[in-house]
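Please look over the model shown here. The report below walks through its main parts.

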Amino acid sequence: MKADLGGDNGTAVSPHAVRERLLALGFDDVRFAAAGEPLKTPLRAWLAAGMHADMDWLTRTVDKRLDPALVVPGARTVIMLGVNYWSDALPRPHPAAGPVWARYALHEDYHDTIKPALLAAGKVLEDLHGANADSYRCYVDTGPVLERSWAARAGLGFTGKNAMLISRRHGNWLFLAAMVTRIAFTPDAPVRNRHHEGAVGTLCGKCTRCLDACPTAAFTAPGVVDARRCVSYQTIENKGVIPRELRPGIGRRIYGCDTCLEVCPWNRFAAAGRQLLLAARHDLADLALADILVLSPERYAEVFRRTPIKRLKLTGLLRNACVVAGNSGDRALLPLVLTLARTHASPLVRAHAVWATFRLGGGAQLTADSTLERDPLVRNEYEQEALPT
Ligand code: B12
């Protein structure tokens, strides 16, 4: 097939055939954005304000994230793909019991399950337009592409006040993937309202449910999340101590947080996805906190194999489980957190287990242990508990 990359004089080719083929691969939505103008998203200001916490990898690729021509020289189009992970089969978390997982985590790792379809999507560009493998790049999440802003430009949805890319068809429950290509496709239009296009909250109206519901007050403005305060960052990306002042707000959220997504009224229109590029692990939602607090490394590896939770490692999961236990008010968990505080090899786990033990009213049982503890992380927890409140 002869190369058909769209004309240099601005002529663009119809995206119709590519869209149909990519939908057939299992993507739930396929939209096209013109790559010519770099994004104006205030990413630099966000980074300069330190809102990325310790995710320093974001600072190393700022220019590329905003300008796809730095990813693929001569890029003309960013193809944005959505994978709907809403499922009616997954009940909402029980209002009073059990740890709560971000919905996306109750699947095998989406990076792994979407990747083969992205490779096939690249072949579609080669097949239909004679693209060669150097003239496009495909990413899901981990590439240097600011996916939500490109998706907004492509009209896949609009940027909500919760910073999510919200689709009128799929609500908040969309994974995003991107293809940067030299082919000039006719772009799709962004979502508009009467006043403007592409701004934060285009179709949010006066609604502020997400901003009001955030359990740790992580929004500094509509559309702006301070990752340092975000439960998702603290329970997934942070590899160290979770700040004490944020722990109560984490509540029962053991991995990630969907609160600003769950409360969004646009989810009313969300139909279940086709799930073609996903592998559900809804069984994880049935795990009791008591079972998690006693996981052995072998059992952890077996249960969380292929899920995104495996990247947290057992120590990270136990850290989070201790925070949830401390918030639970469930005295039956006291012996379990007490054992972790006394015996676990990781100071990170011991530190959070000490906190949980005090929160569950068992602090006095740790008096002897507190004098033996040498690790500064854990000692700090004892010292904080000893301070007058
Ligand atoms: C770093 C990161 C995080 C960080 C930081 C989140 C954040 N808000 O920036 C943490 C760990 C906290 C996180 C959490 C989550 N994440 Co995340 N994350 C990313 C990642 C890798 C980069 C995002 C980034 O660059 N952030 C920097 C900010 C500045 O950019 P932004 O949020 O994209 O841009 C927004 C603002 O600039 C604002 N904006 C635009 N113009 C303007 C103009 C003005 C004036 C203002 C004020 C603001 C504004 O709107 C932009 C779009 O939302 C992307 C994947 C990717 N490659 O893009 C996934 C991604 C954004 N995450 C995703 C998901 C699913 C989540 C969680 C729901 C996971 C969970 N359940 O726990 C939460 C949601 C938290 C939230 N409300 O944002 C999805 C979002 C899908 C969607 N439909 O929107 C993505 C796209 C991954 C994917 N491929 O599917 N994430």
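What follows covers the domains, one sheet, a helix pair and the ligand shell.

This is a predicted model: local features need pLDDT of at least 70, side-chain atom pairs count only at pLDDT 80 or more, and totals for chains, interfaces and linings use all residues. Residues are numbered from 1 along each chain as its sequence is written.

**Domains.** The chain splits into domain 1 (1-243 + 253-285) and domain 2 (287-389). These bounds come from an automatic or database domain assignment. Over C-alpha atoms, the centres of the two domains lie 34 Å apart. At their junction, 15 residues of domain 1 contact 18 residues of domain 2. Contact means that the C-beta atoms of two residues, placed from the backbone, lie within 7 Å. On the domain 1 side, helix H7 (231-237) and strand E10 (253-255) each give at least two residues. Helices (H or I, at least four residues) and strands (E, at least two) are DSSP runs, numbered from the N terminus. That side of domain 1 has eight nonpolar, two polar and five charged residues. Here Ala, Val, Leu, Ile, Met, Phe, Trp, Tyr, Cys and Pro count as nonpolar, Asp, Glu, Lys and Arg as charged, and the others, Gly among them, as polar.

**Sheet.** Four strands make an open sheet in the order E1-E2-E7-E4, with antiparallel pairing. Strands E1 (29-34) and E4 (136-139) stand at the edges with a single partner strand each, so one side of each has no neighbour in the sheet. Two strands pair if DSSP finds at least two bridges between them. Strand E2 (residues 77-84) and E7 are joined by eight bridges. In this pair, Val78 sits opposite Val180 of E7. Helix H4 (residues 110-129) packs on the sheet and touches E2, E4 and E7. The direction of H4 makes about 35° with that of E7. Axes are lines fitted to C-alpha atoms, for helices over the stretch in contact, and angles run from 0 to 180 degrees between N-to-C directions.

**Helix pair.** The axes of H13 (residues 334-343) and H14 (residues 347-359) come within 8 Å and cross at roughly 145°. Leu334 and Val337 are among the H13 residues that meet H14, whose own contributors include Val349 and Arg350.

**Ligand shell.** Around the ligand stand 39 residues, the closest being Ala102, Asp141, Val225, Ser232 and Gly256. A residue is near the ligand if its C-beta atom, placed from the backbone, lies within 6 Å of it. H7 gives the largest share of this shell, four residues.

The table sets out residue classes for two of these regions.

| Region | Nonpolar | Polar | Charged |
|---|---|---|---|
| H13 with H14 contact | nine residues | one residue | one residue |
| Shell around the ligand | 27 residues | seven residues | five residues |
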